[in-house]
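Me: I am new to this structure. Please show me how to read its features, one at a time.

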Amino acid sequence: MVQDGTFKTRDSTWTCESTRMAAAPPSYCFVAFPPRAKDGLVVFGKNSARPRDEVQEVVYFSAADHEPESKVECTYISIDQVPRTHAIMISRPAWLWGAEMGANEHGVCIANEAINTREPAAEIEALLGMDLVRLGLERGETAKEALDVIVSLLEEHGQGGNYYEDANSCHSFQSAYLIVDRDEAWVLETIGKYWAAEKVTEGVRCICNRLSLTTKMDAEHPELRSYAQSQGWWTGEGEFNFSEVFSPVEDHLDCGAGKDSLEKQEESITVQTMMNTLRDKASGVCIDSESFLTTASGVSVLPQNRSSLCIHYFTGTPDPSRSIFKPFIFVDDVKLVPKTQSPCFGDDDPAKKEPRFQEKPDRRHELYKAHEWARAIIESDQEQGRKLRSTMQELEKQGLEAMEEILTSSEPLDPAEVGDLFYDCVDTEIKFFK
């Protein structure tokens, strides 16, 4: 981003009136491994803090084969497609191609955080951090494979572009990622094409919108340290501390109370524990401010026993304290859920036309519209609101209990029984709101 408020695109430059916008809010994602997590389960959770009026959709894409030399059109640029992409379920801001969080058919989960670093983000439209989340899911069968995909694409294409659907505020960020599978997690933090990563196999780990890696790095860009030296940020002497070297000079804070909210749990961490953590406003994990809101949330349960199925929960609606987490399981015949998909505007989408974002179309999907009514009732704090909230909690509880039975059952699961699981849960939720 240059001083007059412009982003360079491949063919032209677009301008916005103002470049002033607050730093990204502390959006959080967590992972818990046994023995801190219950019963041999890896539990993953993510809150997506975004502009208050932004709609997030939940979309399934099946595995697919692609023609040689074909391209994939990401949010701002097109890149080479791979021969085959995995099935994915993602939650994403409805105007862009990538994802804030999601999972694939192989039990890989990824979420990203926008971060501020000592080096400003690129002035060009390239791959968004959210594009790299989706590309990692589509191309990686393990967490480490997904990490390798992301860093190789960073090297080739770079990262950059406006994170918000707003012609009046151009804001670009560097990115951090939490990449998880049944065996391990990788915390990946990036500065342009440079990066470092830490492998996690036990305990609880949290990332937010600040750098968190210090001296323990299990993988890094081969030129990371020489680049830091060339910028005058590291002398080359003493231990290399990633956060100290690359954090903005005025910012050496950690994720604070939000980080502690899960780590201080005395009991085994369960799906319910993770959901409760994502709903915690007092700690700052659940954002509800004048400018920003937790617009969507996700939780995944990855059994370390490979004979058990992974279960993924998505809200598809804002504010997890007023939303229902609905389960999804990958099987061969997943029923698509149009009611969590926003309208498609094709080539006429203002996010695709240059100059971008000259209009903001109505991207609300059917579940979002129904949920708007529910939020209004709950906020009124009347008897009807209390009853509605109780009904929502009961619906979620029933879903969690049904999924617990699947996790603990010794009987093989009939895929036909869960192909329409997420569809039915969304349908039931909307009926209760009407």
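Me: Which strands does helix H1 lie across?
Reply: This is a predicted model. In it, helix H1 covers residues 129-139. H1 lies across S5, strand S10 (88-93), strand S11 (101-104), strand S12 (109-115) and strand S13 (174-180). Its direction makes an angle of about 165° with S12.

Me: What is the order of the strands in the open sheet of eight?
Reply: Read it from one edge to the other: S5-S10-S11-S12-S13-S14-S15-S17. The pairing is antiparallel. Strand S5 (56-61) and strand S17 (219-220) are the edge strands, and each pairs on one side only.

Me: How many bridges join S14 to S15?
Reply: Seven bridges join them. Strand S14 takes in residues 185-191 and strand S15 residues 194-200, and the two run antiparallel. For one position, look at Val187, which stands opposite Glu198 in S15.

Me: In what order do the strands of the six-stranded open sheet come?
Reply: The order is S16-S3-S4-S18-S19-S20, and the pairing is again antiparallel. Strand S16 (204-207) and S20 stand at the edges with a single partner strand each, so one side of each has no neighbour in the sheet. On average, neighbouring strands here are turned by 15° against each other, direction ignored.

Me: How many bridges join S3 to S16?
Reply: Four bridges do, and the strands run antiparallel. Cys29 stands opposite Ile207 in S16.

Me: Now the backbone. Which peptide bonds here are cis?
Reply: Start with the general idea. Most residues other than glycine have a negative phi, and most peptide bonds are trans. Here, the bond from Pro34 to Pro35 is cis, with omega near 5°. Pro35 sits in the loop between strand S3 (29-32) and strand S4 (41-51). The bond from Glu354 to Pro355 is also cis, with omega near -5°. Pro355 belongs to the loop between strand S20 (326-328) and helix H7 (366-379).

Me: What is the phi of Asp39?
Reply: Asp39 is not a glycine, yet its phi is positive, at about 55°. Asp39 lies in the loop between S3 and S4. Pro35 is in that loop too.

Me: On to empty space. How many cavities of 30 Å³ or more does the structure hold?
Reply: The general idea comes first. Rolling a probe the size of a water molecule over the atoms shows where empty space is left. This structure holds three such cavities. Take the second largest, with a volume of about 50 Å³. Its lining includes Phe44, Met101, His312 and Tyr313. S11, strand S18 (292-303) and strand S19 (311-314) each give two or more residues to that lining. By class, the lining has six nonpolar, four polar and no charged residues.

Me: Which residues are closest to the centre of the largest pocket?
Reply: The pocket holds about 590 Å³ of space. Of its 28 lining residues, Arg92, Trp95, Leu96, Trp97 and Lys352 are closest to the centre. S5 gives the largest share of the lining, three residues. The lining divides into 13 nonpolar, five polar and 10 charged residues.

Me: Last, the whole chain. How many helices and strands does it have?
Reply: It has 10 helices and 20 strands. The C-alpha atoms fill a box of roughly 60 × 50 × 50 Å along the principal axes. For 434 residues, a compact globule would have a radius of gyration near 22 Å. The chain has 21 Å, which agrees.

Key: Residues are numbered from 1 along each chain as its sequence is written. This is a predicted model: local features need pLDDT of at least 70, side-chain atom pairs count only at pLDDT 80 or more; totals for chains, interfaces and linings use all residues. Side-chain values use heavy atoms; hydrogens and water are left out. Two strands pair if DSSP finds at least two bridges between them. Contact means heavy atoms within 4.5 Å. Axes are lines fitted to C-alpha atoms, for helices over the stretch in contact, and angles run from 0 to 180 degrees between N-to-C directions. On a 1 Å grid over the protein atoms alone, a cavity is a set of points where a 1.4 Å probe fits but cannot get out, and a pocket is an open set with protein on both sides within 12 Å along at least five of seven lines; lining residues have an atom within 4 Å of a point. Grid points are joined across faces, edges and corners, and a volume is the space filled by probe spheres set on the points. Ala, Val, Leu, Ile, Met, Phe, Trp, Tyr, Cys and Pro count as nonpolar, Asp, Glu, Lys and Arg as charged, and the others, Gly among them, as polar. The radius of gyration is taken over C-alpha atoms; the globule rule is 2.2 Å times the number of residues to the power 0.38.
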